[in-house]
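Visitor: Before we begin, could you show me the model and then take me through the terms used to describe it?

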Amino acid sequence: MKKIVCDNYNEMSRVAADIVARQLKEKPGTVLGLATGSTPLGLYAELARRYNAGEVDFARAQSFNLDEYYPIKRSHPQSYYRYMHENLFSKVNFAATRLPNGEADDPANECAAYDAGIEAAGGIDLQVLGIGMNGHIGFNEPAEAYSMSTYLVELTESTLDANSRFFTGGEAQPTSALTMGFGSIFSAKSILLLINGAGKAPIVKRLFEGKIHTDVPACLLLLHPNVTVILDKEAAGG
Ligand code: GLP
């Protein structure tokens with residue numbers, strides 16, 4: 001696991017954009033794995049800026065997102081579908097974009113089709129990740145056993161609390177989600193984990209303790225051969 005500590009959030013976002021841009025240059029038909037949450041917003045803004053400046057091109061690239069609330073309408077202000085369209089997909093020129101469908105009637109079918117789609121695309125080249133306060137990756141919550149494939153998961157109180165800040169318009173907050181499992185995530189040839197803010201320092205400390213804490217899902221990433229963690233000073237604990 002390679003670790004890059006940046007001075008602040010903007011630098012973290014720029015360094016992450018450099019890695020995504022390099023990947024797209026080396027392989028224009030890249031399959032990107034994308035994440036939501038507040039962490040990658042700076043990366044997406046920087047990629048949109050570079051696209052407008054003619055510095056990066058997504059014309060042959062496609063993307064798969066990590067997760068989506070379930071059930072949720074795509075038009076819901078807090079759906080990850082909407083988040084991705086507002087923050088990235090409407091601003092750049094991807095050839096194709098996919099998210100797990102929060103409107104699917106049959107979640108099991110949807111999950112199987114989603115994994116089949118990733119496989120048909122040749123797997124993910126570069127997976128962007130954030131981390132939850134409890135160490136979750138995507139919506140893989142701390143558990144006794146971790147799913148390999150995409151699945152329907154019930155969210156923990158900790159995650160519902162952490163994400164309740166987004167549901168301020170009186171909308172009901174979904175208590176379940178569809179998320180890629182660790183098998184889907186590990187199929188990525190390389191992984192970029194972004195972490196910022198002092199609130200994440202305790203989980204970062206556990207991640208870098210040199211042990212695989214099985215109650216910290218992100219610790220499983222220690223087993224992947226090609227992970228780069230980019231964090232700001234605050235998340236790094238100074
Ligand atoms: C959300 C998402 C994750 C994200 C995490 C952290 O629940 N499912 O993919 O990495 O929580 O969010 P934030 O970046 O807002 O701290």
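Guide: Two strands are said to pair if DSSP finds at least two bridges between them, and strands themselves are DSSP runs (E, at least two residues), as helices are runs of H or I of at least four residues, each numbered from the N terminus. This is a predicted model, in which local features need pLDDT of at least 70 and side-chain atom pairs count only at pLDDT 80 or more, while totals for chains, interfaces and linings use all residues. Residues are numbered from 1 along each chain as its sequence is written, and side-chain values use heavy atoms, with hydrogens and water left out.

Visitor: What makes β3 and β5 a pair?

Guide: Strand β3 (residues 62-65) and β5 are joined in the parallel sense over three bridges, and the definition asks for at least two, so they pair. Within this pairing, Phe64 stands opposite Arg98 in β5. Both strands belong to an open sheet of seven, ordered β1-β10-β9-β6-β2-β3-β5, with parallel pairing.

Visitor: Why are β1 and β5 called edge strands?

Guide: Because β1 (2-6) and β5 (96-98) each pair on one side only. The twist in this sheet averages 15° from one strand to the next, where axes are lines fitted to C-alpha atoms, for helices over the stretch in contact, and angles run from 0 to 180 degrees between N-to-C directions.

Visitor: How do you know that β4 and β8 pair?

Guide: Strand β8 (residues 176-179) and β4 share four bridges in the antiparallel sense, which satisfies the requirement of at least two. Glu68 stands opposite Leu178 in β8. The open sheet here has three strands in the order β4-β8-β7, with antiparallel pairing, and its edge strands are β4 (67-70) and β7 (151-154).

Visitor: Where is Pro71 found, and what kind of peptide bond joins Tyr70 to it?

Guide: Pro71 lies in the loop between β4 and α3 (80-89), and the bond joining Tyr70 and Pro71 is cis, with omega about -10°.

Visitor: What makes the approach of Asp67 to the ligand a polar contact?

Guide: A polar contact is a pair of N or O atoms within 3.5 Å (within protein, one must be able to donate a hydrogen and the other to accept it, and residues adjacent in sequence count only if both atoms are side-chain atoms). An N or O atom in the side chain of Asp67 is 2.8 Å from a nitrogen atom of the ligand, so the pair meets the limit of 3.5 Å. A polar side-chain atom of Asn163 likewise lies 2.9 Å from a ligand oxygen atom.
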